[in-house]
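Let's take a walk through this one together, going from the overall layout down to single backbone angles. Keep the viewer open so you can follow along.

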Amino acid sequence: MKIVKLKNFAKQVRKNIIYTAYKAGAKSAHIGGALSIADLVAVLYSDIIKIKKSNKIDENRDRFILSKGHACLALYSALVEKKLLKKKDLETFESDGSKLLGHPIINKIDGIEFSTGSLGMGLSLGVGVALAAKKKKKNYKVFVIIGDGECNEGSIWETILSASHFKLDNMTIIVDRNNYQQTGKNSDIMDLKNLKSKFASFGCDTFEINGHDLKKIYSVLSKKNTKKKPKVIVANTIKGKGFKLFENNNNWHHSVITKSIYKEILREI
Amino acid sequence: MNAEKNIKLWSTLGMRATFGLIALELAKKNPELIITTSDVSTSAGLDRFKKQHPDQYIDVGIAEQNLIGVSAGLSSEGFKVISTTFSPFQTLRCCEQIKVNLGYMKHKVCMVGLASGLVLGNLGFTHCSIEDIGSLRSIPNITIIVPSDPYELFKVLSEAINYRESVYIRLTAGSNSKIINKKDYDFKIGKAVEILPGKDVAIIGCGNILSNCLDAAKILKQKNIDCSVINMHTIKPIDNEKIKNISKDYSLALTVEEHNIIGGLGSSVSEIFSDQGSNCKLIRIGAEDFYSTGGSYDYLKNIYGLSTEKIVEKILSNFKQNEK
């Protein structure tokens, strides 16, 4: 792990996110939730997830599932840096017939494992994929990012029960704890209280970190899993992280970046 | 396996227990088969399967949304997956998971809906299932099959696990179900089977209710009305050609199903009649969009006009109005 490399990767991911959102123009984009996971995705794709550009689907690749599919700009941006997508693909975001819509569409060659966007479903697919690895005696790992708002969905808790019951130590679940959901604060809409203790009580190996501290993210992700339990990382993040205008401002959950705003925020990188 | 030899035994056991026996056979030939359930091993006749093939059996507990998610995840990794639980929970409870994972993403899962229709009427309408076909029929990339008896279930399962898309298999009736198919016959998904030829009236049915259709045809024969009975086992993709022919060749046709008359077999057939611009009168027999008071299978069949006597009455009162 080289911190400079991680920093650069994260910077590029943020650049790609705002570039794509800006190019999307009036179609608008989910900005806040993509930026809150930018550092998590950067570390995953820079140093953790084993996947590379290929014309064939590699059965041994690690699987990444973005269960909070609306944060797809972060995923697309990381895939560009990994050369699985082209930078010019980003310019087609949400345009007619594009493969890059406002929620991911399954496209394994490009590194998109599943179509997600309806909340509470991606994690369950992850359990199936992790179980499949055990049955096939494959060593690939499964990484899933879920949102804190997404934890309102009952299906998340059905799934956590099973991940723990099946002892899926090949699975890492990251909760993007940015404290906001579409129309306001989690605490106002549906209070999630202590997420870490919830996941611990379901039988997961649980960690809580600053989701923007690249070193910490790397260290907890690379920590070997020896407990025969799924790993859950509650990552405390800031919605819109990286740009003063967006940070903790829920108006930027889904919005339009105009030319003048784009010019202004670009200076912050 | 000589399936024909088992016709009697299987019909005594009913579709659910037969499903468990067939699953054992399928596992022999398909090492990549996995059965996923929501705490229904006993109800699905899977206790032996669970003991003999623990590595091919996954119980996710009473959590049907996760059942479909996990099944789709396994399927995406190359496993042949059969999921099963009681029909309402196999379909409506996880309907959006079916839409996104099996319809939209096209992951292949063979879903077996236990005890659909009216057979669990004593348990109330939480456990009856008269909405399953209607709900799933509006989702692209899902095939829907209603086997008429346990022997047909055997044929359906053998084809469905290798089929090009997800299949919902809807099981009806209980133990001591009626034998519809007495000997071997050609079964093909999407191809209706004429189980009784007749020139006056076409009775189109699906599931074990076809036994009432056959009994009704027998009674009507004595009254000089010659009914044909068609086993429309596949509701989607439905046998367009057969239905078009019926609409041309008959002046009266009926659909008979243990389902709401909205959304199921009757709707499917009437859509084709309408596209065709037919002169044939079509009567849809089934639940007329209401929840009845609960009770036994026979009690509910009678209320919904599905008993042999009610089918006969319906044909007598309508056939008179048509010129023979």
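Start with chain B of this predicted model: the centres of domain 1 and domain 2 of chain B, taken over C-alpha atoms, are separated by 26 Å. If you want to colour them, the domain assignment puts domain 1 of chain B at 3–170 and domain 2 at 193–319. Where they meet, 21 residues of domain 1 of chain B and 25 residues of domain 2 of chain B take part in the contact. On the domain 1 side, α6 (132–137) and β5 (142–145) of chain B each supply at least two residues. That side of domain 1 of chain B has 9 nonpolar, 7 polar and 5 charged residues.

Now zoom out to the two chains. Here 22 residues of chain B are in contact with 20 residues of chain A. On the chain B side, the elements giving two or more residues are α3 (64–76) and α5 (95–104) of chain B. The largest share comes from α3(B), with 9 residues. By class, the side of chain B that touches chain A divides into 10 nonpolar, 9 polar and 3 charged residues.

Next, go into domain 2 of chain B and find strand β11 (252–260) of chain B. How much of β11(B) is buried? The count is 9 of its 9 residues. β11(B) has strand partners to look at: β8(B) runs parallel to β11(B), joined by 5 bridges, and β12(B) (residues 281–287) also runs parallel to β11(B), joined by 6 bridges. You can trace a line across these strands through B:Leu254, which is the bridge partner of B:Ile203 and stands opposite B:Ile283 in β12(B).

Helices pack against these strands. Take α8(B), residues 210–222: at 1.5 Å a residue, its 13 residues should span 18 Å, and the end C-alpha atoms are 19 Å apart, so the two agree. The buried residues in α8(B) are B:Leu210, B:Asn212, B:Cys213, B:Leu214, B:Ala216, B:Ala217 and B:Leu220. What covers them includes β7 (193–196), β8 (201–205), β9 (227–231), β11 (252–260) and α12 (308–319) of chain B.

Helix α9 of chain B, residues 240–249, buries B:Lys242, B:Ile243, B:Ile246 and B:Ser247. Why do they sit on the same side of α9(B)? Because they cover an arc of only 135° around the axis. Turned away from that buried side is a face carrying the exposed residues B:Glu241, B:Lys248 and B:Asp249. The cover over the buried residues of α9(B) includes β8, β9, β11 and α10 (265–276) of chain B.

Time for some backbone oddities. Most residues other than glycine have a negative phi, and most peptide bonds are trans. Against that background, look just past α8(B): B:Asn224 has a positive phi of about 70° although it is not a glycine. B:Asn224 lies in the loop between α8 and β9 of chain B, and it counts as exposed because it has 8 C-beta neighbours inside 10 Å. B:Ala115 also has a positive phi, near 50°, and lies in the loop between β4 (109–114) and α6 of chain B. Is B:Ala115 buried or exposed? With 26 other C-beta atoms within 10 Å, B:Ala115 is buried. As for peptide bonds, the one from B:Lys236 to B:Pro237 is cis, with omega near -5°. B:Pro237 lies in the loop between β10 (234–236) and α9 of chain B.

Finish in chain A. In strand β1(A), residues 63–66, A:Arg63 and A:Ile65 point one way while A:Phe64 and A:Leu66 point the other way, and all are buried. That fits the usual pattern: in a regular strand the side chains alternate between the two faces of the sheet. β1(A) pairs with β2(A), residues 142–147, in the parallel sense over 4 bridges, and A:Leu66 stands opposite A:Ile145 in β2(A).

The last stop is A:Phe93, in the loop between α5 (87–90) and α6 (122–136) of chain A. A:Phe93 counts as buried because it has 22 C-beta neighbours inside 10 Å. Leaving aside neighbours within four places in sequence, A:Phe93 is in contact with A:Thr20, A:Lys23, A:Ala24, A:Ser98 and A:Leu100.

Key: Residues numbered from 1 in each chain as written. Chains lettered and ligands numbered in written order. Predicted model: local features only at pLDDT ≥ 70, side-chain atom pairs only at ≥ 80, totals over all residues. Contact = placed C-beta atoms within 7 Å. Nonpolar A, V, L, I, M, F, W, Y, C, P; charged D, E, K, R; others polar. Domains from an automatic or database assignment. Buried ≥ 20, exposed ≤ 12 C-beta atoms within 10 Å, placed from the backbone. Pairing = 2+ DSSP bridges. Expected span 1.5 Å × (residues − 1). Arc of directions from axis to C-beta.
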